[in-house]
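Here's a walk through the strands, the turns and a few side chains worth a look. Pull the model up in your viewer and follow along.

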Amino acid sequence: KPSVNSTEGVLYAEIQALSNDLSNRRLSISDGSDTNRINMMYTAVSNQIVANYRVSGSTVVSLTSTANSITNYNKVAFNFKSGDFKLFINGTEVATSTNTTMMAANTLNLVRFEDPTGSNDFYGKVKGLAVYNEALSESQLMQLTGVTASSIYNNFVTRTASFTVEALNEVKKVIDNL
């Protein structure tokens with residue numbers, strides 16, 4: 001079986017819950033057990049999205065966001081690397097951790113639309129699911145989860161109508177090179 005880099009990477013999904021029914025629904029990458037796994041999930045809290053990193057039977061990182069409607073599509077990226085855990089949703093960093101406890105390299109080899117134990121089935125829609133074997137930069141995570149340079153520029157223009165055209169063109173050049 002091919003394995004996923006378990007010491008650094010990104011779990012990405014574009015997901016939508018069928019309902020906000022306050023049940024646990026999970027996507028997981030694991031070693032086939034509950035011992036070593038990464039979960040992305042909806043929880044029993046309304047509109048909550050959580051990403052967990054579990055090592056040797058203990059959850060060492062749990063990042064949470066409750067700012068989004070889970071019945072809409074959300075682009076979610078969970079970046080994991082020693083000292084650099086991040087949860088991005090729809091272009092925004094919503095939670096971080098500087099935890100340094102990591103599982104052994106290449107222990108993850110099973111992707112499931114439920115817990116590794118077969119419970120908490122993922123009832124929802126999935127437009128995309130990807131696993132990156134390297135952690136991504138903040139700007140890459142922003143782009144992956146939906147923010148583009150042009151949308152940053154358009155928001156900036158809307159908020160800064162008093163700037164001169166020349167100043168805005170200079171800002172656009174900088175943003176386009178992100």
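## A polar residue in a loop

First, keep in mind that this is a predicted model. Let's start with Asn 106, which counts as partly exposed because its relative accessibility is 48%. You'll find Asn 106 in the loop between strand 8 (92–97) and strand 9. Its backbone is worth a click too: Asn 106 isn't a glycine, yet its phi is positive, at about 55°. For context, most residues other than glycine have a negative phi.

Leu 22 does something along those lines in another loop, the one between strand 1 and strand 2. Here phi is near 65°, again a positive value in a residue that is not glycine. With a relative accessible area of 45%, Leu 22 is partly exposed.

## The open sheet

Now for the strands. Five of them make an open sheet, in the order 5-4-3-2-9, and the pairing is antiparallel. Strand 5 (58–65) and strand 9 sit at the edges with a single partner strand each, so each has one side with no neighbour in the sheet. On average, neighbouring strands of this sheet are turned by 15° against each other, if you ignore direction.

Going through the pairs, strand 2 (residues 25–30) and strand 3 (residues 37–42) run antiparallel and are joined by 6 bridges. One pair to look up is Arg 26, whose bridge partner in strand 3 is Met 41. Strand 3 also pairs with strand 4, antiparallel and over 6 bridges. There, Ile 38 has Tyr 53 of strand 4 as its bridge partner. Strand 4 then connects to strand 5 through 7 bridges, again antiparallel, and Asn 52 stands opposite Ser 62 in strand 5.

## Strand 4 and its two turns

How many residues of strand 4 (residues 49–55) are buried? The count is 7 of the 7, so strand 4 is largely enclosed by the rest of the structure. In a regular strand, side chains alternate between the two faces of the sheet. In strand 4 both faces are covered: Ile 49, Ala 51, Tyr 53 and Val 55 are buried on one side, and Val 50, Asn 52 and Arg 54 are buried on the other.

The turns on either side of this strand are worth a look as well. The hairpin of strand 3 and strand 4 has 6 residues between the strands, and Asn 47 takes a positive phi near 60° there. The hairpin of strand 4 and strand 5 has 2 residues between them, with Ser 56 in the turn at a positive phi of about 50°.

## Strand 1 and its partners

Strand 1 (8–17) is largely enclosed by the rest of the structure, because 9 of its 10 residues are buried. Strand 1 pairs with strand 6 (residues 74–81) in the antiparallel sense, over 8 bridges. Strand 1 also pairs with strand 10, antiparallel and over 8 bridges.

Glu 14 is a handy residue for seeing both pairings. Which residue of strand 6 stands opposite Glu 14? That's Lys 75. In strand 10, the bridge partner of Glu 14 is Gly 128.

## Two buried polar side chains

Just ahead of strand 1, in the segment before it, sits Asn 5. Buried or exposed, what is Asn 5? Its relative accessible area is 17%, so Asn 5 is buried. Its side chain makes a polar contact with the side chain of Thr 7, at 2.8 Å.

Lys 86 lies in strand 7 (residues 85–89). Lys 86 counts as buried because its relative accessibility is 12%, under the 20% cut-off. The side chains of Lys 86 and Asp 84 are joined by a polar contact of 3.3 Å.

## A nonpolar patch on the surface

To finish, look at the outside. Val 111, Phe 113, Val 126 and Leu 129 make a nonpolar surface patch of about 310 Å². One of these residues, Phe 113, is found in the loop between strand 9 (110–112) and strand 10 (124–132). Phe 113 is partly exposed, with a relative accessible area of 42%.

Technical notes:
Residues are numbered from 1 along each chain as its sequence is written. This is a predicted model: local features need pLDDT of at least 70, side-chain atom pairs count only at pLDDT 80 or more; totals for chains, interfaces and linings use all residues. Side-chain values use heavy atoms; hydrogens and water are left out. Patches are made of residues with over 30% relative accessible area and no salt bridge: like charges are joined within 9 Å, nonpolar side chains (Val, Leu, Ile, Met, Phe, Trp, Tyr) within 5 Å. Accessible areas come from the Shrake-Rupley method with a 1.4 Å probe; for residues, only the protein chains shown count as cover. A salt bridge is a side-chain nitrogen of Lys or Arg within 4 Å of a carboxyl oxygen of Asp or Glu. Helices (H or I, at least four residues) and strands (E, at least two) are DSSP runs, numbered from the N terminus. Buried means under 20% relative accessible area, exposed over 50%, partly exposed in between (1.4 Å probe, protein chains only). Two strands pair if DSSP finds at least two bridges between them. Axes are lines fitted to C-alpha atoms, for helices over the stretch in contact, and angles run from 0 to 180 degrees between N-to-C directions. A polar contact is a pair of N or O atoms within 3.5 Å; within protein, one must be able to donate a hydrogen and the other to accept it, and residues adjacent in sequence count only if both atoms are side-chain atoms.
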